[in-house]
Amino acid sequence: MNNVLELERVSRSYGRRGRAVHALYEVDVQVPEHSLTAVMGPSGSGKSTFLQCAAGLDRPTSGVVRLGGREISRMKERGLSRLRRTDIGFVFQSFNLLPALTVQQNVLLPLRLDGRRRDPARARELLARVGLDGREDARPGQLSGGQQQRVAIARALITEPAVVFADEPTGSLDQETGAEILNLLREAVDRQGATVVLVTHDPAVTARADRVLRLAHGRLVQDSGAGAGTRADAGAGAFAASRVTHAGAAAAAGGQVR
Ligand SMILES: Nc1ncnc2c1ncn2[C@@H]1O[C@H](COP(=O)(O)OP(=O)(O)OP(=O)(O)O)[C@@H](O)[C@H]1O
């Protein structure tokens, strides 16, 4: 199976030499396509830094990040922002929907921002998949938190990104709603062939992930589920063939990771 995301000896430090804080230290990770990877670890262990470096929102101090075979750690800002629009989908803890737009307009926003043709039929299809059939014209403010996160998932998937990065996607939801959101991300992997990397404190995620990476003090201290026998490997044949690899993805419409 191809690795869609690779980090090679990636470090990110802050501050001056001698007194530098190593937010990430020589992290090596390979993420195969069609898999769900959870990144866990205590507060301050480097999870957000990992996500930001992997998603091209921050540059590592040293090391190499490749997304879809392209080295993004050296890309100029212009290339990176294009890549975030075309190859990456984002889901945030706080949903980050635009309140003045309808649900459907929010889902279509990444296409619009990338100057691409809008595809309302595809937006409706994705909204139906996340259980929001018939809510296309609602405003985010009329929806519950869980429903808003469903919209955010549809938005992240609209352009078939190489990787969907999710930062604490269940962090502001109750347990049951959080479990539903996790199921949807799992389904995006199993039925739509998506690749999801999510940062979380939520222990429930481990049961739904193909792989769990644990960070401590900026280092990768555990990498469980990698290799043979992961759900991704076991279920590879069942993944939807319809996904067009690297066909482009959504920048999170109007949001940053933190
Ligand atoms: N801009 C910055 N300047 C200085 N230090 C930073 C900066 N950003 C992060 N750090 C430090 O890097 C380390 C890792 O931070 P990071 O936010 O990646 O951890 P985290 O695991 O995501 O934490 P949390 O679970 O609390 O969000 C911490 O020690 C943090 O203080």
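1. For the composition of the ligand shell, Ala, Val, Leu, Ile, Met, Phe, Trp, Tyr, Cys and Pro count as nonpolar, Asp, Glu, Lys and Arg as charged, and the others, Gly among them, as polar. On that basis the shell around the ligand divides into 3 nonpolar, 7 polar and 1 charged residues. The model discussed here is a predicted one.

2. The residues around the ligand are Y14, V21, A23, G41, S43, G44, S45, G46, K47, S48 and T49. Two elements, β2 (21-32) and α1 (47-54), give two or more residues each to this shell. The largest share, 3 residues, comes from α1.

3. Strand β1 (residues 3-14) runs antiparallel to β2, and 8 bridges join the two. Within this pairing, L5 stands opposite V31 of β2, and L7 stands opposite V29 of β2. The two strands form a hairpin with 6 residues between them, and G15 in the turn has a positive phi of about 85°.

4. β1 also pairs with strand β4 (residues 62-67), in the antiparallel sense and over 5 bridges. Here S11 stands opposite S62 of β4.

5. These pairings belong to an open sheet of 4 strands in the order β2-β1-β4-β5, with antiparallel pairing. β2 and β5 (70-71) stand at the edges with a single partner strand each, so one side of each is left without a neighbour in the sheet.

6. Helix α6 (residues 175-192) has 18 residues and reaches 25 Å from its first C-alpha to its last, close to the 26 Å expected at 1.5 Å a residue. The helix is followed by G193, whose phi is positive, near 70°.

7. Which residues of α6 are buried? They are G178, I181, L182, L184, L185, A188 and V189. As general background, an α-helix has 3.6 residues a turn, so residues three or four places apart point the same way. The cover over the buried residues of α6 includes β3 (36-40), α5 (145-157), β7 (163-167), β8 (196-199) and α7 (205-208).

8. The largest nonpolar core has 68 residues, and those with the most contacts inside it are V39, A54, I153, V164, F165, L185 and V196. In soluble globular proteins, nonpolar side chains tend to be buried together. Leaving aside neighbours within four places in sequence, V196 is in contact with L36, V164, A166, L185, A188 and V189. Among these contacts, L185, A188 and V189 are also buried residues of α6.

Terms used
Residues numbered from 1 in each chain as written. Predicted model: local features only at pLDDT ≥ 70, side-chain atom pairs only at ≥ 80, totals over all residues. Expected span 1.5 Å × (residues − 1). Buried ≥ 20, exposed ≤ 12 C-beta atoms within 10 Å, placed from the backbone. Contact = placed C-beta atoms within 7 Å. Near = placed C-beta within 6 Å. Core = buried A, V, L, I, M, F, W, Y, C linked by C-beta atoms within 7 Å. Pairing = 2+ DSSP bridges.
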